[in-house]
Amino acid sequence: MTSWHPPMELTRLLEALGEEIVATTEQEVRLACGLDGHSVRETASEVREMIGTLTGDLGDPEPRIAPISLIDMRRAS
Amino acid sequence: MEKSTEGGGGPVVTVDNTADDIARAIHSLSDADLVRLKALALLWTRGLPRSLSWSDILHEAIARALDGSRKWPSGVPILAFLSGVMRSICEDQWRRERLEGEVLARDVDAADLCAAGDTAGSAADPERVVSAAQSLAVVWQLFAADPCALKIIAGLADGLTAAEICRVYGMSEREYDTTRKRMRRALLRCGLDWSAS
């Protein structure tokens, strides 16, 4: 009987599934999200807005807010 | 400097890059890329010790990329790079959890905290084992109706290559590829609804 090591298995699995997501084509994304593309735009908009709070607009010398650790902020609260 | 080309995982920088390059690459991501980025964040949220959200880990990953604490290797697609940063964040969070637990248990001072760090990865962390087992169960549940996908999941968790999975589970190459495509769609479509599991 071999020992079971869930953290190692999970990490390997998440890495492999992550590679699958990275390898997904645009067509597969649209098929998965619905052919009308509505949910693609919605999701993209949601992520873009979140990213924008960190990076600001291109050309801006500074991001809108400093790229600090949100996780640390959560943990501190 | 910046020299970008389009790759399977979004823009790829072919020379040394800077925080500005990273910001530009992230800004240039297409709608489909951003959907994949969210799916990656949802995926890695499963590896975190607490109920942090996908936006927390994505925010943290981008912050680390922009502040230079994580370098973007040349030739690596931006999505693959950010996925790697998120993986690293998961490890860091577990390490921190373990250190805090040890410090609380021993009521030690800052010097002991450093010493504890040296042994942080040496023994199994019961909380992490339980959390990982629960996350594995959620992944299996996601593909419960697809026996072929479950075989691939089991093989990937064991660290097998595609060829090894096919050999061990008696799958044809075509069956393997077809199943992987179904799995990709499931990962994206569900947005891993499992985030709420």
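Here is a walk through a model with two protein chains, A and B, going from each chain to the places where their helices meet.

Before we start, a word on the ground rules: this is a predicted model, where local features need pLDDT of at least 70, side-chain atom pairs count only at pLDDT 80 or more, and totals for chains, interfaces and linings use all residues. Residues are numbered from 1 along each chain as its sequence is written, chains are lettered from A and ligands numbered from 1 in the order in which they are written, and side-chain values use heavy atoms, with hydrogens and water left out.

Let's begin with chain A. It has 4 helices and 0 strands, with helices (H or I, at least four residues) and strands (E, at least two) being DSSP runs numbered from the N terminus. Of its 77 residues, 42% are buried, meaning under 20% relative accessible area (1.4 Å probe, protein chains only). Chain A exposes about 4,600 Å², and carbon and sulfur atoms supply 55% of that; such areas come from the Shrake-Rupley method with a 1.4 Å probe.

Chain B mixes things up, with 9 helices and 2 strands. Reading along the sequence, you meet the two strands and then the helices: β-β-α-α-α-α-α-α-α-α-α. Chain B has 197 residues, and 48% of them count as buried. Its exposed area is about 9,100 Å², with 52% supplied by carbon and sulfur atoms.

Now for where the chains meet. Helix α1 of chain A (residues 6-23) packs against helix α6 of chain B (residues 126-142), with axes 8 Å apart and an angle of about 40°. Axes here are lines fitted to C-alpha atoms, for helices over the stretch in contact, and angles run from 0 to 180 degrees between N-to-C directions. So α1(A) and α6(B) are oblique to each other (under 35 degrees is roughly parallel, over 145 roughly antiparallel, 65 to 115 roughly perpendicular, and the rest oblique). In contact terms (heavy atoms within 4.5 Å), the residues of α1(A) include A:Leu10, A:Leu13 and A:Leu17, while those of α6(B) include B:Val129, B:Leu136 and B:Val139.

A second meeting point pairs helix α2 of chain A (residues 26-33) with helix α9 of chain B (residues 173-189), whose axes come within 8 Å and cross at roughly 60°. That makes α2(A) oblique to α9(B). On the α2(A) side, the contact is made by A:Glu28, A:Val29 and A:Ala32, and on the α9(B) side by B:Lys181, B:Arg184, B:Arg185, B:Leu188 and B:Arg189.

Technical notes:
Buried < 20%, exposed > 50% of the residue type's maximum accessible area, 1.4 Å probe, protein only.
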